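User: I'd like to go through this model and ask how a few of its labels are justified. Can you take me through the reasoning?

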Amino acid sequence: MSDSTESSRDGAGESVTTDRVASVQERASSIVQSVGRVAFGDRLGLTLFLGAVLWCGALWRVGIFIQDTVTVANALANVADGHLAILESPYALTLGEQPGLVEVDGQAYGRNYGHVLLALPLLWLLEAGSALVAPKLLLAGAWSLGLVAFAGQVGRLTGREQIAAVGSVGALLVFVGNVLSVTALPEGVLALVALQLSTIFAAAFVAVVLYRLIGRFHGDRMGVVAGVAVVVATPVGFWATIPKRHVVTAAAAVVALYCFAVSRDRTDRRGTLSRACSYGVLGLLTTVHPFEAFFLFAVLAPVDLVTAPENSLRSLLLVGLLFAISMLPFVTLNTLISGNPLESPRIISGAGSGLETSLSPDGGGDGGGSGGTQTPADDGGTRTPVPEGETQMPAGSDGNGSSDGGSGVDGTPGTDTGGNGPLSGLVATFVSLLAFAGSLVGFVGDWIGESLDVLGQHERLYHIFVRGGSIPSLTNSVNNAEAIELTLLESFPLAAALIWLPVAVIRGLRERVVGAGITTTRRQTDLLAAGFAIVFALIYLPKLPLHSQITVRYILPVMPLLLYGVARCSFVHRAVADSPGWLLGSYLITVFVGGAVLTATLALADPAIGEAMQLHALVGLGAALVAVVVVSTWPLHDDIRVVAVGLALPAGVTTVFLLLAKIEYFSYRVPSDDNPAVFVLDVVRVLSELLPVIPA
């Protein structure tokens, strides 16, 4: 065979190999793009996600802010080692330091394995990266790379490539600054870091989903404003780095709302799949908190069935199938831990179980202190997690302490059917399900009754939603006698713009009379958002006000829904479309000038933490009052520039609060370390040390 022939065959072989490599790369690129479209929608959504992560990451301190985090962090560390039970406690020396801990057959378990599973892949990634780079430099480097990616995306979107260059230089300077001032993370905190990172990503996805939802109705610019506002102008930005369930629930609620909106616009397979996904998200939420998932489902189901484009058997079967699949993690975890698929870790205890605790809003141990102090949970630590004022009732009991054969902790039915065959097993299961359903109805009725009773307690509602101050029941030893709690309006003054809501409702009713209204996708989505917000706030009224809520965190998931309501108002659309310069300029002036004035005032006054928080409360109420006046008088002056200023002021006030609260006011506890401020970015730590607002 000639050399030329062999050369020709070699060339052909190389060509085939090159084509195969190109084909694989093309498929991989296509998969990545598909995943990106599902997660972020478009390049703008990705850019918003990166920006939200950078914002939250800049204010991130690694540590335990509320003692309840200890239990979840220990559960994650043990799951990463291959076991559900908590065999080792790297974040607490004793079991008494772990609120919400439960016991089954002599083994200790956590209560929130949904959040654990969400953070587990992040822990694996951190462990892999930390094998090559020190964890602190890994996080700082990731933040700087995120800034490079963000600047690159902004450059592409605006057509100004120099933005990418400026962003890269800025990222390099920040990284060098972190290297020069670096302080090492304590040993063995990667599980805690993974938990915090998971809630940061959840908060960023809240921003992305709001952008896509509002953008669907009012255009990309309005969507971006809503997405940015949810992390800089609401307490979501405060809780993003604190690994509690609240941000995760907020993400689930807005994702369900978005999927619902998509399903209203389409009657094809994609519409049906989106409809099913709205249920699937809530099914997955049961592994995090079944109480909240249940009530969100109780709102979604009737609104969906009434407003669905069609309720064919095929679509309902798909919805039911996907919902059943989404419940598998909940059922599987319950079975592995308790032996009973209906008995979640939140209700297990050595003494028995109760339906009330299964669905209780806090599981009896969701309080805890702030500022890094090891304070007891709402129920006093590791006691059986029963809500305050509730009497524990075994599942299947008649309410008087006698059992009618409900399921035990080991999941075996207690009903004697007179045999051990398959039929007797089915009968026992059916009886147990009936008992569970009866107890569920009783619990829901009692809880809603308590919630409705609170509606008649005007002073209590005032302290929850309007003005807190020194409430005697809250300024106790748990918070070191400091009035650190803010109401919804004090911490989220932009919500005052909803004063326009009655006008919007009247206009909606008028549209309904003329034949539109509830038949449109927007109105149907509004209805679901309002239902979510009202019911979610209602079910937590019996628990509020409560210490260590800071910004009424129990109803944090309501705040993105309220922001959705603000973004749907017509005057907001006009301000964003006609006066973006006034809106952005007023916001920046409030943040930089107003923030400087407030910081200087605090530095001169040398306040305690409670005094500083109450100053923010008064400033927030003042900004809310401005928004009320501007919005309510808008039809009279009809000056959209005034409206823009009235919206920017409360948003900027909240941003200032987030900045000072995250880097100045509160300390964090880190296991085996006395440093109260373990910042991910050491350049922020240096800035914090230069701002002696609150005395150490």
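Analyst: Sure, here are some questions on burial, packing and confidence, bearing in mind that this is a predicted model.

User: Why is Asn-74 called buried?

Analyst: Asn-74 has 0% relative accessibility, and buried means under 20%, so Asn-74 counts as buried. You'll find Asn-74 in helix α3 (residues 69-80).

User: What makes Ile-86 and Gln-98 contacts of Asn-74?

Analyst: The cut-off is heavy atoms within 4.5 Å. Leaving out residues up to four places away in sequence, Asn-74 touches Ile-86 and Gln-98, along with Glu-88, Ser-89, Pro-90, Tyr-91 and Ala-92.

User: Which residues have the most contacts inside the largest nonpolar core?

Analyst: Phe-571 and Phe-666, in a core of 185 residues. Helix α7 (residues 190-218) gives the largest share of this core, 20 residues. Another core, of five residues, lies apart from it, and includes Leu-489, Ala-496, Leu-621 and Ala-627.

User: What does Phe-571 touch, not counting residues up to four places away in sequence?

Analyst: Two tryptophans, Trp-500 and Trp-634, are on the list, together with Ala-497, Val-631, Ile-640, Val-643 and Leu-647.

User: Where does pLDDT stay under 50?

Analyst: One such stretch is residues 349-360, for which the model has 48 contacts beyond four places in sequence. Another is residues 364-418, with 148 such contacts. Where pLDDT is low, the predicted coordinates shouldn't be read in detail. As for the chain, its average pLDDT is 81, and 79% of the residues score at least 70.

Notes. Residues numbered from 1 in each chain as written. Predicted model: local features only at pLDDT ≥ 70, side-chain atom pairs only at ≥ 80, totals over all residues. Heavy atoms only, no water. Core = buried A, V, L, I, M, F, W, Y, C linked by side-chain atoms within 4.5 Å. Buried < 20%, exposed > 50% of the residue type's maximum accessible area, 1.4 Å probe, protein only. Helix = DSSP H or I, 4+ residues; strand = E, 2+ residues; numbered from the N terminus. pLDDT = per-residue confidence, 0-100.
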